[in-house]
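Please open the structure in your viewer and keep the sequence panel beside it, since each stop on this tour begins with something to select.

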Amino acid sequence: MKVVFSTCFRQILLLLGIISFLPATAAAQMFSVSSSVAQNRPFEMPAVAGPALEFTDLSFFGPNSFEGDNLIRYNFNGPLYRAVIETPGFMFSISDGTSLGEDKDIRATRLGIAIKSPALIAAGNNYRLTIPFSLSTDYTLVRTSETANSNRELAQNSGYIGAGLGFLYRFTDSFYLNSISAPHFGFTVGSYGATGGISYKLNQDIRFALIDIWRGYGLVTGYSLQFIRFNNSDPNFKYDWLSHTFLIGVSF
């Protein structure tokens, strides 16, 4: 548990570091776009917190002929249990799964943090069309009882810049549909800092929200598709992560 909180703190510092390196003019333009249309926004998705089930497939795509001292394959297909907090401007998630893989000896853990700033491009009485700009950082840890706490575990710190298309539709005053499609581009670095490379991520999120069912609280259900490619310079750590996540949470 101490390792998880330490990693979460490092991820927050990494995300702040990404923000500090962005050109000031670009950031000012992005937030000025959001500010200029803020008064015209008719509605937005509520904040939500709740559990989710993440069905994940992790597969190695590196050279099969490669052999070395760290040769191990973390391929698995199975569920991870997830907790999520989402707001219009922020996201935090943590996922964990055990007894994965053919030998049931793989454990996978992921932490994700994102800061979002949607720029409104069109709006009507019952819809909003946005460009969902985001900065995010993930920590992915996959290991076995044999490789835990060694340089043989798959431990990747990743940072991304993303933008895509968001669509929010209001069927009634209390029933919303939100869909966000967002590709991300970034980098990944091993926990021991010896290897790294380019990482790509694609998110597709769909949410249904019932607003203010009781005393300001509501219900949100949803589905997320996520694909990540860790194109690490170490041939042992070239993996694709594909997950299908089902969420049910309380809105507030």
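A residue is called buried here when its relative accessible area is under 20%, and exposed when that value is over 50%. By that cut-off, 42% of the 252 residues of the protein count as buried. Please keep in mind throughout that this is a predicted model.

**The whole chain**

Begin with a cartoon view of the full protein, which has two helices and eleven strands. Following the sequence, you meet the elements in the pattern α-α-β-β-β-β-β-β-β-β-β-β-β. Among contacts between residues at least 6 apart in sequence, 64% join residues at least 24 apart.

**The nonpolar cores**

Next, select Leu58, Tyr74, Phe76, Val142, Leu154, Tyr239 and Trp241, the residues with the most contacts inside the largest nonpolar core, which has 17 residues. At least two residues of this core come from each of β1 (48–60), β2 (76–87), β4 (106–123), β6 (154–162), β10 (217–232) and β11 (238–251). A second core, of seven residues, lies apart from it, and Leu168, Tyr176, Ala209 and Val220 are among its members. In soluble globular proteins, nonpolar side chains tend to be buried together.

Now centre the view on Tyr74 and leave aside its neighbours within four places in sequence: Tyr74 is in contact with Leu58, Ile106, Val142, Arg143, Thr144, Thr147, Arg152, Glu153, Leu154 and Tyr239.

**Strand β6 and its partners**

Is strand β6 largely enclosed by the rest of the structure, or open? Colour β6 by burial, and you will find that eight of its nine residues are buried, so the strand is largely enclosed by the rest of the structure. Then show strand β5 (residues 127–144), which pairs with β6 in the antiparallel sense over nine bridges; to see one of these pairings, select Leu135, whose bridge partner in β6 is Ile161. Strand β8 (residues 175–190) also runs antiparallel to β6, and seven bridges join the two. Select Ser158 here, and look for Thr188 of β8 standing opposite.

**Phe55 on strand β1**

Move now to Phe55, which lies in strand β1 and counts as partly exposed, because its relative accessibility is 39%. Although Phe55 and Gly78 are 23 residues apart in sequence, their C-alpha atoms are 5.6 Å apart in space. Beyond neighbours within four places in sequence, Phe55 is in contact with Gly78, Pro79, Leu242, Ser243, His244 and Phe246.

**Strands β9, β10 and β11**

Select strand β9 (residues 196–214) together with β10, and follow the 15 bridges over which they pair in the antiparallel sense. Ala209 has Val220 as its bridge partner in β10, and both residues were named above as members of the seven-residue core. The hairpin of β9 and β10 has two residues between the strands, and Arg215 takes a positive phi near 55° there. From β10, continue through the five residues of the hairpin that joins it to β11; these two strands pair in the antiparallel sense over 14 bridges. Within this pairing, Leu225 stands opposite His244 in β11, and His244 is also one of the contacts of Phe55.

**The largest pocket**

For the last stop, select Glu86, Met91, Lys116, Ile180 and Asp205, which are the closest to the centre of the largest pocket among the 46 residues that line it. The volume of this pocket is about 890 Å³. Its lining divides into 18 nonpolar, 16 polar and twelve charged residues, and β5 gives the most to the lining, with seven residues.

Methods:
Residues numbered from 1 in each chain as written. Predicted model: local features only at pLDDT ≥ 70, side-chain atom pairs only at ≥ 80, totals over all residues. Heavy atoms only, no water. Core = buried A, V, L, I, M, F, W, Y, C linked by side-chain atoms within 4.5 Å. Buried < 20%, exposed > 50% of the residue type's maximum accessible area, 1.4 Å probe, protein only. Helix = DSSP H or I, 4+ residues; strand = E, 2+ residues; numbered from the N terminus. Contact = heavy atoms within 4.5 Å. Pairing = 2+ DSSP bridges. 1 Å grid on protein atoms, 1.4 Å probe; cavity = no way out; pocket = protein on both sides within 12 Å on 5 of 7 lines; lining within 4 Å. Points joined across faces, edges and corners; volume = space filled by probe spheres on them. Nonpolar A, V, L, I, M, F, W, Y, C, P; charged D, E, K, R; others polar.
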